[in-house]
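Biologist: Could you walk me through this model, starting with the strands and then the side chains? I'd like to hear how each answer comes about.

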Amino acid sequence: MLLTLSTTHQPATDLGFVLMKHPERVLERELPFGKATVFYPEASARRCTVALLLEVDPVALSRTTRAAEGKPLEPYVNDRPYAAGSFLAVALRDAFGTAMTGTSRERPELADTPLALSVEVPCIAARGPADLPGRLFGPLGYAVQTEAIPLDPLYPEWGERPYLKLRLSGTVKVAHLLKHLYVLLPVLDGRKHYYLNDTEVDKLLRHGEGWLDTHPERGLIAARYLRFRELVRQATPHFTVQEETVQDGEQAAGPPETGLRLHEERLDAVAQLLRDSGARRVLDLGCGEGKLLRRLLPAPQFRELVGLDISARTLEIAAENLKLQERPELSERVKLLHGSLAYPDSRLKGFDAAALVEVIEHLEPHRLDALSANLFGFARPATVVLTTPNAEYNETFENPRDLRHHDHRFEWTRAEFQAWATAAAGKYGYGVRFGPLGDVHPEYGPITQMAVFTR
């Protein structure tokens with residue numbers, strides 16, 4: 001895996017003084033999991049680039065992986081040697097530890113000066129919402145550019161793996177940049193390759209000093225960096241933890257507390273409808289991080305729960321949230337599938353009920369006919385619960401806008417939604433009824449609208 005750090009500060013080769021690494025030398029360091037090499041592919045007065053190349057030994061990894069950490073093949077076939085995450089963070093600290101403290105023997109004033117810097121990582125593990133890199137690095141003053149790496153460029157409908165090409169640019173102190181990367185690379189990945197204990201809290205507080213306490217995603221950062229509830233509890237007295245407001249990064253244009261309350265209310269209402277339907281086998285289509293499945297799991301009535309999502313990285317988060325690896329007894333009852341609603345899928349046939357919670361607005365409008373055919377005509381669950389934003393309600397927000405989320409392809413008025421749902425129900429032999437979710441405005445209607453289809 002590779003990370004490059006560049007500057008256009010004049011003279012650019014001063015970067016070597018701040019990093020304490022001479023541009024004309026190659027530094028090699030042996031690490032417990034491989035070898036790190038620091039070199040300068042470019043070093044001129046106008047532009048200077050330092051590269052950190054990390055070669056992870058996959059054989060060594062297979063020998064140190066604990067059996068409970070994954071499936072039988074995972075110690076031997078995994079992304080650890082190739083996708084930037086906690087390995088690269090450790091190598092970064094090892095290679096540039098002095099620079100991370102903000103000191104420089106020969107250029108102390110330069111170490112304390114914000115420089116024009118850019119960072120590129122060709123392949124980074126980003127297990128989470130698509131906008132997670134922007135949510136993590138954007139508030140720190142960086143311009144964030146990402147490029148998704150698809151499963152197969154020839155078949156984009158297959159979705160994406162949890163890997164991105166990441167580029168950050170901004171004017172910042174070198175020490176601050178290194179600390180941001182050291183903390184946030186493992187946060188993006190959502191995993192660490194080493195055992196976590198109390199020292200992780202100290203690391204987070206030490207390297208987060210001066211920026212983490214005011215970061216709008218500090219609660220998310222603490223939860224993903226520390227992973228275990230007890231460690232997060234130890235860290236919380238040191239800064240105000242703010243919970244992640246909504247699933248998969250989607251937030252209504254209203255206040256944050258509205259997004260959290262609405263999201264919870266929406267999931268609770270759909271879960272209750274599924275319980276009331278008497279369904280035993282349930283599909284969660286567009287399951288995201290598995291929050292609806294987690295609500296259904298405690299009810300013994302549900303003998304089979306299947307989540308489907310086009311995002312492989314989100315499914316990995318769902319598996320962690322549902323603790324599927326820690327509870328192997330759930331394997332017969334809970335399954336997560338990678339797939340798309342735009343194509344017929346025989347794995348989805350024969351279910352009693354299906355839920356699509358805030359899903360259809362993420363599809364291109366020309367895909368809706370295919371969704372109707374595959375859902376109502378091919379899979380044909382007995383009950384379908386579907387929710388979507390009410391576009392009319394957007395007028396009540398403090399800053400009204402056409403779409404509540406950047407990934408929405410459309411949002412329907414009540415009349416548009418009811419016309420589509422009624423036509424789909426009539427075509428495929430379903431009845432449909434409509435209901436409100438969340439706050440209801442006397443003129444603009446509910447913030448979320450819902451349709452319940454019954455075959």
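**Strands, cores and contacts**

Modeller: Strand S1 (residues 2-7) and S4 pair in the antiparallel sense over 6 bridges; two strands pair if DSSP finds at least two bridges between them. Before we go on: this is a predicted model, where local features need pLDDT of at least 70, side-chain atom pairs count only at pLDDT 80 or more, and totals for chains, interfaces and linings use all residues. Residues are numbered from 1 along each chain as its sequence is written, and side-chain values use heavy atoms, with hydrogens and water left out.

Biologist: In S4, which residue is the bridge partner of Leu3?

Modeller: Helices (H or I, at least four residues) and strands (E, at least two) are DSSP runs, numbered from the N terminus. S1 and S4 are antiparallel. In S4, Leu3 has as its bridge partner Leu52.

Biologist: How many bridges join strand S3 to S4?

Modeller: A hairpin takes S3 to S4 through 4 residues. One bridge pairs Ala36 with Leu54 in S4. S3 (residues 34-43) runs antiparallel to S4, and the number of bridges joining them is 8.

Biologist: How many of the residues of S4 are buried?

Modeller: Buried means under 20% relative accessible area, exposed over 50%, and partly exposed in between (1.4 Å probe, protein chains only). S4 covers residues 48-56 and is mostly covered. Of its 9 residues, the number buried is 7.

Biologist: Which residues touch the most other members in the largest nonpolar core?

Modeller: A nonpolar core is a set of buried Ala, Val, Leu, Ile, Met, Phe, Trp, Tyr and Cys residues joined through side-chain atoms within 4.5 Å. The largest one has 67 residues, and those touching the most other members are Leu19 and Leu54.

Biologist: Which helix gives this core its largest share?

Modeller: The largest share is 10 residues, and it comes from helix H7 (residues 174-189). There is also a second, separate core of 30 residues, which includes Leu308, Leu348, Phe417 and Trp420. For the largest share of the largest core, though, the name is H7.

Biologist: What does Leu54 touch?

Modeller: Contact means heavy atoms within 4.5 Å. Leaving out residues up to four places away in sequence, Leu54 touches Met1, Leu31, Phe33, Lys35, Ala36, Phe87, Leu88 and Ala91.

Biologist: How many residues of helix H9 are buried?

Modeller: H9 spans residues 218-226. Its buried residues include Arg218, Arg224 and Tyr225. Just after H9, Arg227 takes a positive phi of about 70°. Of the 9 residues in H9, the buried count is 8.

Biologist: How many aromatic pairs does a search of the whole structure find?

Modeller: Rings of Phe, Tyr and Trp (its six-membered ring) pair if their centres lie within 6.5 Å; planes under 30 degrees apart count as stacked, over 60 as edge-to-face and the rest as tilted. One pair is Phe137 with Tyr142, edge-to-face at 6.1 Å centre to centre and 80° between the planes. Both of those residues are buried. The search finds 10.

Biologist: Why does the pair of Phe376 and Tyr430 count as edge-to-face?

Modeller: Phe376 lies in helix H14 (residues 368-379) and Tyr430 in the loop between helix H15 (414-428) and strand S13 (431-441), so the pair ties together parts 54 residues apart in sequence. Phe376 counts as buried at 0% relative accessibility, as does Tyr430 at 8%. The ring centres are 5.1 Å apart, and the pair is edge-to-face because the planes are at 70°.

Biologist: Over which ring does the charged end of Arg281 sit?

Modeller: A charge sits over a ring if NZ of Lys or CZ of Arg is within 6 Å of the ring centre and within 35 degrees of the ring normal. Arg107 lies over the face of Phe17, at 4.1 Å from the ring centre. The charged end of Arg281 is 4.2 Å from the centre of its ring, that of Phe351.

Biologist: How far apart are the closest N and O atoms of Asp345 and Arg347?

Modeller: A salt bridge is a side-chain nitrogen of Lys or Arg within 4 Å of a carboxyl oxygen of Asp or Glu, and the structure holds 15. Asp345 counts as buried at 13% relative accessibility, whereas Arg347 is partly exposed at 39%. Their closest N and O atoms are apart by 2.7 Å.
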